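Me: I am new to this structure and would like a close look at one part of it, the salt bridges, with enough of the surroundings to place them. Please take me through them slowly.

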Amino acid sequence: MDITKEEKQRLIGRRLYDAISRFDESPEAREEYYQIMDAEITIRGGKQTIREQILRVYAMLFCDDLEMEAGSSAGPDEVEATADRLYIGSAGFDPDHWYRMKYHFPVIDDDNYDRFAALVISDLKAGPLHEAVVNDGDMLLVGEMNPLLLTEDERVAQELRKIEL
């Protein structure tokens with residue numbers, strides 16, 4: 001399915017977020033997710049899928065300190081390596097603050113890395129995280145690599161940067 005830029009903006013929003021959040025419960029949600037992610041858009045004369053665009057944006061926002069070629073897309077290894085860096089509001093391992101825990105992604109692998117990346121991007125754009133930014137001032141924060149190896153004091157003192165779309 002080839003879509004317009006306006007349709008892309010509409011798809012990478014609440015519709016995608018809702019499909020991902022209901023992915024495990026509903027065959028219709030899974031079908032919606034795959035339909036959105038496989039939709040193509042023409043950019044600068046070439047076609048790209050929504051999936052390719054999301055993985056490129058994810059790489060740009062969260063994989064900047066990994067040794068990736070500029071403009072490349074995040075793959076399973078990059079998403080898995082960076083997922084634990086994402087915090088909502090403040091650094092912590094509790095489900096209210098650790099993004100990956102809050103959204104129940106215990107394993108990130110070849111089967112779901114693109115779904116996790118799409119969840120983060122659609123949440124920033126139109127999900128509860130977007131609403132929290134607007135209403136409560138909470139932000140998506142990116143911490144240092146390997147927060148699991150940091151002590152609690154190091155984790156609290158780590159350098160965090162805010163992410164907005």
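Reply: A good place to begin is the salt bridge that R14 forms with D18, in which the closest N and O atoms are 3.1 Å apart; the model it is seen in is a predicted one. R14 and D18 both belong to helix α1 and, being 4 residues apart there, are separated by about one helical turn. R14 is partly exposed, with a relative accessible area of 35%, and D18 is partly exposed as well, at 26%.

Helix α1 also takes part in a link to another helix, since the side chains of E32 and R15 meet in a salt bridge with an N to O distance of 2.3 Å. Because E32 lies in helix α2 and R15 in helix α1, this pair ties together parts that are 17 residues apart in sequence. R15 is partly exposed, with a relative accessible area of 27%.

Between α1 and α2 runs a loop, and S26 is found in it. S26 is buried, with a relative accessible area of 11%, and a polar atom of its side chain lies 3.0 Å from the backbone nitrogen of A29.

Further along the chain, the side chains of D84 and R100 meet in a salt bridge, 3.0 Å from N to O. D84 lies in the loop between α4 and β4, whereas R100 lies in helix α5, so the pair ties together parts that are 16 residues apart in sequence. Both D84 and R100 are buried. Returning to R14 and D18, these two are joined with E131 into one network by salt bridges that share partners. A search of the whole structure finds 8 salt bridges, and those described here are among them.

For the surroundings, it helps to turn to the largest nonpolar core, which has 39 residues and in which Y58, F62, Y99 and F116 touch the most other members. Among the elements that give two or more residues to this core are α1 and α2, together with α4 and β4, while α6 gives the most, with 8 residues. F62 touches, among others, L86, V120, L140 and I163.

Of these contacts of F62, L140 has I163 as its bridge partner in β6, and β5 and β6, which run antiparallel, are joined by 3 bridges. The strands form an open sheet of 3 in the order β4-β5-β6, with antiparallel pairing. Within this sheet β4 and β6 stand at the edges, each with a single partner strand, so one side of each is left without a neighbour.

Conventions
Residues are numbered from 1 along each chain as its sequence is written. This is a predicted model: local features need pLDDT of at least 70, side-chain atom pairs count only at pLDDT 80 or more; totals for chains, interfaces and linings use all residues. Side-chain values use heavy atoms; hydrogens and water are left out. A nonpolar core is a set of buried Ala, Val, Leu, Ile, Met, Phe, Trp, Tyr and Cys residues joined through side-chain atoms within 4.5 Å. Buried means under 20% relative accessible area, exposed over 50%, partly exposed in between (1.4 Å probe, protein chains only). Contact means heavy atoms within 4.5 Å. Two strands pair if DSSP finds at least two bridges between them. A polar contact is a pair of N or O atoms within 3.5 Å; within protein, one must be able to donate a hydrogen and the other to accept it, and residues adjacent in sequence count only if both atoms are side-chain atoms. A salt bridge is a side-chain nitrogen of Lys or Arg within 4 Å of a carboxyl oxygen of Asp or Glu. Lists of a residue's contacts leave out its neighbours within four places in sequence.
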